[in-house]
Structures are given as structure tokens and as C-alpha cells.
Amino acid sequence: MLDRLETTLRIRGGARLEGSVATHGAKNAALPIMAAALLAKGTVTLHRVPRITDVSVMWSLLEALGARMRYEGDNTLTIDASNVASYRAPYALVRKLAASFDVVGPLLGRFGRAEVPLPGGCVLGTRATDLHEQAFVALGCEVHNAHGYLIAESREGRLRGATIEFRMPSVGATKNAMLAAVLADGTTTLKNVAMEPEVVDLANFLVAMGAKILGTGTDTIVIEGVDELQGVEYEIIADRIVTGTLLFAGAVTRGDVTVRRCNPQHLQAVVDKLAECGATTMTGDDWIRVKADGITGGTDILTAPYPGFPTDLQPQVVGFLCTCPGTSVVEESIFNARFSYVNELARMGADVRVTMESNAAIVKGPKQLSGAPVEAPDIRAGAGLVVAGLAAAGETEIIGLEYIDRGYERLEELLSELGGQVQRSSGVTPLVEPAGFFETSEYPRISA
Ligand code: UD1
């Protein structure tokens with residue numbers, strides 16, 4: 001078993017990023033789709049699964065429940081859940097990954113019972129579950145909390161279809177309600193649901209397995225329950241957050257970067273904001289190019305559910321805006337504690353003030369950032385510090401690369417391909433690729 005690694009990323013700032021790079025598969029689609037494999041009668045084969053540590057935690061969780069997992073190549077994963085016999089998820093794994101809560105829906109669909117630790121809070125803020133619970137209750141489950149676990153059970157065994165209207169669109173609750181309803185008896189109508197591309201990808205995967213789902217990508221989803229779902233082969237969509245991170249990395253260095261194998265429609269809000277700052281943007285079927293030699297100013301941002309500006313790109317855009325002329329206001333509407341990294345940016349010379357009343361960051365630029373040792377508090381904040389480090393004079397050392405590895409598959413290699421001077425600290429084996437990984441096709445376990 002591997003110990004938790006404290007690796008660092010060293011960036012020598014100032015290099016102009018140039019060229020093209022391909023993005024990888026989406027973390028936030030891969031994780032619920034892996035959980036959904038619990039519903040399949042046969043083997044599920046998933047392509048374009050990113051080699052990131054969040055995937056390895058979901059791997060360990062499914063394995064702990066009894067699934068057989070195999071890597072069939074770099075990014076192809078097979079899951080055989082036919083022997084799964086447990087509906088209780090271990091706390092040691094769930095505590096590492098809020099997305100572990102995605103297994104509640106499939107366990108309910110399969111067993112009519114689920115026992116999963118409550119996510120509680122996380123570094124970004126509170127992780128409420130009332131909307132998830134609303135859905136499970138409407139689908140015929142009794143739900144209660146005991147000893148830190150959410151316990152949901154349908155006395156009839158099979159869940160029954162229902163109409164559920166959410167008070168706000170939640171990505172997590174929409175996924176869990178869909179996952180619970182696909183094998184329910186009768187029709188389920190979900191109103192005011194999340195429209196994120198990852199929710200659509202999950203629905204497309206379920207449909208490929210034999211589920212009947214209409215309306216995904218709109219605010220109302222209708223599901224006709226079926227008796228069983230089959231194994232299937234499926235390719236995960238491109239990661240729009242990795243794509244956006246690479247675009248801001250290009251823009252902060254005033255570079256000329258093309259990101260390939262992505263879906264530009266999923267990043268319209270990002271492309272629009274880059275253009276507002278004076279960057280030239282171009283898109284094709286599966287690529288986006290940003291040319292940032294003519295940045296004229298900053299912009300105001302409000303993070304919002306899709307198709308709004310994604311909260312998962314908020315730290316990266318702040319890193320970029322530090323270098324843009326004028327004052328930019330970045331308001332966070334999804335999480336209540338997502339600005340902790342700003343203190344680290346300030347240590348690099350950024351002029352950013354957070355107003356608690358409005359949960360916003362006021363960014364004044366342009367600032368010549370200076371390289372410094374900084375610490376990444378979470379995945380996307382780490383990526384924001386990387387963006388800032390690319391523009392900083394001198395060396396930035398980011399402690400907490402293990403957070404970045406949760407969501408980015410070898411970010412340093414993607415940036416190096418574009419001419420960035422970025423290195424993983426030497427002598428440390430990255431958690432995503434332990435010795436013998438390719439020989440054994442066994443994915444790394446994370447120690448509890
Ligand atoms: C959220 C983000 C998602 C991002 C992910 C990881 C949105 C809308 N969601 O998804 O883009 O990839 O974090 O950073 O951008 N809520 C409740 N009760 C619930 C569930 C949620 O009040 O039962 C609230 C949350 O506190 C939050 C909002 O709804 O303010 C959105 O939460 P949700 O979309 O469920 O969060 P995630 O699925 O984690």
C-alpha cells in the first residue's frame with residue numbers, strides 16, 4: 001500500500017506557452033459512471049478514464065463493495081460488478097472523496113438499501129445532502145442518519161417512480177436521483193435538475209446500458225424504469241475543467257495555445273470571458289485556441305450552474321486576472337469557502353481582497369507576480385496557483401501536488417508540451433503511477 005505522498009510542483013515562471021495539447025477524460029463524468037457500473041448485469045468497459053487519484057479512490061470503493069476492476073490499457077477500465085454483495089460503503093474511502101456519495105443511487109437501485117457515510121463538509125464548504133434525501137424519500141425509501149452514515153431503504157425492495165422538484169439544481173442530487181430511478185418501478189420526473197455536461201454523459205451511459213431517459217441537458221428529466229441494465233462499452237467525455245485550466249495557463253503567459261480533443265460547446269462561458277479580456281479565441285469541432293498577446297483588461301465573473309461560469313475554474317481565472325489591467329470582481333455562488341488559496345496568491349504579490357459579505361474576490365491588476373513557495377489547499381486551488389506560477393518571476397514551488405493529482409493527469413507533462421517549465425519534485429513516484437503499474441494492470445490502493 002502506498003503512503004500519502006507530499007509531492008511538490010516546481011514552476012519556473014515567465015515562459016510563453018505555445019502549441020497544442022490534448023485534454024483528458026472528465027473526472028466528474030468518470031466518477032459517477034464508475035459508480036453506475038454497479039447497476040450493470042455484465043462487464044462495463046470505459047475508455048478515456050483519467051489516471052487521477054480520485055479515480056483510484058472510486059476504484060477502491062467499488063472493489064471494497066465486491067466489484068472486480070481491471071485496467072486494460074492506459075485509460076481503459078473494465079468493471080465487473082456481478083459479485084457485489086455489500087451495500088455499505090467504508091468511511092475510510094468515502095472521507096477522501098465527496099463524489100463517493102454517487103454510489104448511494106446505484107446501491108438503492110440494485111439492493112433497495114444503501115449505507116454510505118455522510119460527506120459532511122469539505123475544504124470548499126458545506127456538503128448538504130437534503131436534496132439527495134428528498135429524492136430517495138420520494139422514490140419510496142425511508143432515510144435516516146446513524147453514526148455518521150446515511151441509511152436509506154425501500155421496504156418494498158424496488159424503488160417506485162415519482163415526481164421530484166428540486167428547490168435548486170444540484171449536480172450531485174440530480175446524478176443520485178437518476179441512478180436510483182433507472183431501475184425503479186414506473187416513471188420518475190425530475191424537475192429543476194442540473195444540466196452539466198457530466199450529468200448528460202452519465203445519462204448517455206445509462207441509456208447505452210438500456211435505461212430509458214429523456215430530457216437530459218434540459219431542466220426536466222423523465223425516466224421510465226426498466227427491469228435490468230446491461231454491460232456496455234463507453235467513452236467518457238473530455239474534461240472541460242482541465243481544458244479551461246490549460247486555456248487560462250496559456251492566457252496568463254500571453255501565449256498561443258490550442259487545446260485538442262475537447263468540446264468547445266462545454267466551455268462557451270470561459271471562451272466568452274477570455275474574449276472580454278481581449279484574448280483572441282477560435283474554436284473548431286473539437287478544439288479551442290486562445291491567443292493572448294492583446295489582453296486589454298480584466299472582467300467580472302459569477303460562478304453559476306452550467307452553462308454559467310464553472311466554480312471549478314474560479315481559482316484559475318483569479319490567477320489569470322491578477323495579471324490583467326483594472327479591477328475584476330469574481331463572485332462565488334456555489335461554495336461558501338472557496339477562496340482560501342487567495343492568501344497564497346497574496347504571498348506571490350497578488351492584490352486580491354475577499355469580501356465575506358458577497359463571497360467575492362476583488363482582483364486588482366496588472367501585477368507582476370513573484371515566485372514563492374505556496375501550498376495548494378485543494379485540486380482547483382492548486383491549479384489556480386499553477387496558473388499564477390506560470391506568470392510569476394522566478395520559481396514557484398507548490399506543496400500539495402497530491403491534491404492536483406486528484407483531478408489532473410500529469411499536469412506538468414501537459415504544460416511542458418506547451419513549453420512551460422514545470423517539474424514534479426524529483427525522486428518521488430507519483431501516486432497515479434506506482435512501480436509495476438503497467439505490468440500488473442492493478443490500480444494503486446490508497447492507504448486509509
Ligand atoms: C459541485 C459543482 C460542480 C463541481 C463540483 C466539484 C455546481 C452547480 N456544482 O457539484 O460543478 O464540479 O461541485 O467542485 O457548480 N446543495 C444543497 N443540498 C444538497 C446538495 C447540494 O443545498 O442536497 C447545494 C450545495 O451546498 C451547493 C449547491 O447546492 O451550494 C450545488 O451543489 P451540487 O451541485 O450538488 O454540488 P456538487 O455535486 O458537489
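Val-104, Gly-105, Pro-106, Leu-107, Leu-108 and Gly-109 are buried in helix 4. This is a predicted model. Helix 4 spans residues 104–111 and is mostly covered, with 6 of its 8 residues buried. Two nonpolar cores, one pocket and two single residues are also covered below.

**Helix 4 and its surroundings**
- The buried residues of helix 4 pack against four helices and two strands in the list that follows: helix 1 (27–36), helix 2 (53–65), helix 5 (130–138), helix 6 (171–181), strand 6 (113–117) and strand 10 (149–153).
- Gly-112 follows helix 4. The phi of Gly-112 is positive, near 70°.

**Nonpolar cores**
- The largest nonpolar core has 81 residues.
- Met-34, Val-103 and Leu-206 have the most contacts inside this core.
- A second, separate core has 68 residues, including Leu-246, Cys-277, Val-290 and Leu-390.
- Val-103 touches Ala-35, Leu-38, Met-58, Leu-61, Leu-62, Ala-89 and Val-116, with residues up to four places away in sequence not counted.

**Asp-201**
- Asp-201 is found in helix 7, which covers residues 197–208.
- Asp-201 has a relative accessible area of 2%, so it is buried; the cut-off for buried is under 20%.
- The side chain of Asp-201 makes a polar contact with the side chain of Tyr-234, at 2.6 Å.
- Beyond its neighbours within four places in sequence, Asp-201 is in contact with Ala-29, Ile-33, Tyr-234, Glu-235, Ile-236 and Ile-237.
- Tyr-234 therefore appears both as a contact of Asp-201 and as its side-chain polar partner.
- From Asp-201 to Ala-211 is 10 residues in sequence and 13 Å in space, C-alpha to C-alpha.

**Second largest pocket**
- The second largest pocket holds about 210 Å³ of space.
- Lining this pocket are 17 residues, of which Leu-39, Lys-41, Arg-110, Leu-183 and Asp-227 are the closest to its centre.
- The lining divides into 8 nonpolar, 4 polar and 5 charged residues.

**Tyr-403**
- Tyr-403 lies in helix 13, residues 401–404.
- Tyr-403 counts as partly exposed because its relative accessibility is 25%, and partly exposed lies between the 20% and 50% cut-offs.
- Tyr-403 and Gly-382 are 21 residues apart along the chain, and their C-alpha atoms are separated by 7.0 Å.

Definitions and conventions. Residues are numbered from 1 along each chain as its sequence is written. This is a predicted model: local features need pLDDT of at least 70, side-chain atom pairs count only at pLDDT 80 or more; totals for chains, interfaces and linings use all residues. Side-chain values use heavy atoms; hydrogens and water are left out. Buried means under 20% relative accessible area, exposed over 50%, partly exposed in between (1.4 Å probe, protein chains only). Contact means heavy atoms within 4.5 Å. A polar contact is a pair of N or O atoms within 3.5 Å; within protein, one must be able to donate a hydrogen and the other to accept it, and residues adjacent in sequence count only if both atoms are side-chain atoms. On a 1 Å grid over the protein atoms alone, a cavity is a set of points where a 1.4 Å probe fits but cannot get out, and a pocket is an open set with protein on both sides within 12 Å along at least five of seven lines; lining residues have an atom within 4 Å of a point. Grid points are joined across faces, edges and corners, and a volume is the space filled by probe spheres set on the points. Ala, Val, Leu, Ile, Met, Phe, Trp, Tyr, Cys and Pro count as nonpolar, Asp, Glu, Lys and Arg as charged, and the others, Gly among them, as polar. A nonpolar core is a set of buried Ala, Val, Leu, Ile, Met, Phe, Trp, Tyr and Cys residues joined through side-chain atoms within 4.5 Å.
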